[in-house]
Amino acid sequence: RVWHTVHSLAAAAEQVNKNLGAPGVWWQGLPSHYIAGVMVLVRALLSGGTVITRTPGKKISDSLMEFVQRAPRDAADVPRYTSLVPKQLADLVVIARRQPLVADALSAFSRILVGGQRVPESLIAGARALGVSVTRTYGSAETAGGCVWNGKPLSGTDMAAYQSRLALAGPMLAGGYLGDPERTAKSFITREGKRWFISDDRGEISGGTLSVLGRADRVIISGGVKVDLDEVEAALHEEYHSLDI
């Protein structure tokens, strides 16, 4: 388990709030035991925004429409935000293609943050075709959520490559892993006075833009050939999202 301090969580929230601008109404689509879920609460708390939590057990589309009903109607200019994983957004996009009310609800968000795992290009394209303002984020529990948006680091975040793996630095880093000093020492290192988190992700940084290539632990050898399971998964995702279903 990852542990954070009040200061690291606040730093992560302030990074996001600074990029968003005005405080708004958050739809908490993920439960609070996920970092993306709890950070919705922290961001709203520090910015003076409000949070409407998804009702457990409800379909994602029904929960979205419930959010629409519960969101303040006397403040149409107040921005709406949410943070989702790719599967949630994909399900909503499929439904929105058939249900105009769901499409309208999605397009009413000022920003939908999507991350937590690889985000297919076809999903981003499909969402934007519906007029949805979606942002691909990169981060983890160790960084208190997404700290790189559309390949660009948020203010206060540094990124680099370290022994073929992606590394992130900034005030939002976790303190380490509870009860696991060995893993903590391996994953969090200090170089030239700066503390870095060394992820298990492979990637490239070109012109200040990050491209995540996949997990270092998801490459297998089959028949003497290296097979990247993330590439296989991405190809399947692209094929799925290209289908008119």
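Visitor: Which residue in β5 is the bridge partner of Y81?
Guide: In this predicted model, the bridge partner of Y81 is R111.

Visitor: What makes β4 and β5 a pair of strands?
Guide: Two strands are said to pair if at least two bridges are found between them. Strand β4 (residues 80-84) and strand β5 (residues 111-114) are joined by four bridges. The requirement of at least two is therefore met, and the two strands run parallel.

Visitor: Which helix packs on the sheet and touches β2, β3, β4, β5, β6 and β7?
Guide: That helix is α2, and its direction makes about 160° with that of β2. Helix α6 also packs on the sheet, where it touches β5 and β6. The direction of α6 makes about 145° with that of β6.

Visitor: In what order do the strands of the open sheet lie?
Guide: The order of the seven strands is β3-β2-β4-β5-β6-β7-β8, and their pairing is mixed.

Visitor: Why are β3 and β8 said to stand at the edges?
Guide: Each of them has a single partner strand, so one side of β3 and one side of β8 have no neighbour in the sheet.

Visitor: How do β2 and β3 run, and how many bridges join them?
Guide: Strand β2 (residues 25-28) and strand β3 (residues 50-53) run parallel and are joined by four bridges. Within this pair, V25 stands opposite T50. Between the two strands the chain passes through helix α2 (residues 35-47), in a β-α-β crossover that is right-handed.

Visitor: What makes that crossover right-handed rather than left-handed?
Guide: The test is made with the strands pointing away from the viewer. The crossover from β2 through α2 to β3 is right-handed, which means that the path from the first strand over the helix to the second runs clockwise in that view.

Visitor: Why is S61 called buried?
Guide: The relative accessible area of S61 is 5%, and buried means under 20%. Since 5% falls under that limit, S61 is therefore buried. S61 lies in helix α3. Leaving aside neighbours within four places in sequence, S61 is in contact with L92 and I95.

Visitor: Which residues have the most contacts inside the largest nonpolar core?
Guide: They are W27, L64, F67, L89, L92, L106 and V134, in a core of 26 residues. Among the elements that each supply at least two residues of this core are β2, α3 and β5. Helix α4 gives the most, with five residues. Another core, of 18 residues, lies apart from it and includes A12, L168, A174 and Y177.

Visitor: What makes such a set of residues a nonpolar core?
Guide: Its members must be buried, must belong to a list that includes Ala, Leu and Trp, and must be joined through side-chain atoms within 4.5 Å. In soluble globular proteins, nonpolar side chains tend to be buried together.

Visitor: In what sense do β9 and β10 pair, and over how many bridges?
Guide: Strand β9 (residues 158-162) and strand β10 (residues 165-169) pair in the antiparallel sense over five bridges. M159 stands opposite L168 in β10. The hairpin has two residues between the strands, and Q163 takes a positive phi near 50°.

Visitor: Where is G131, and what is its phi?
Guide: G131 comes just after α6 and takes a positive phi of about 85°. Within helix α6 (residues 121-129), the buried residues include S122, L123 and I124.

Conventions:
Residues numbered from 1 in each chain as written. Predicted model: local features only at pLDDT ≥ 70, side-chain atom pairs only at ≥ 80, totals over all residues. Heavy atoms only, no water. Buried < 20%, exposed > 50% of the residue type's maximum accessible area, 1.4 Å probe, protein only. Contact = heavy atoms within 4.5 Å. Axes fitted to C-alpha atoms, helices over the stretch in contact; angles between N-to-C directions.
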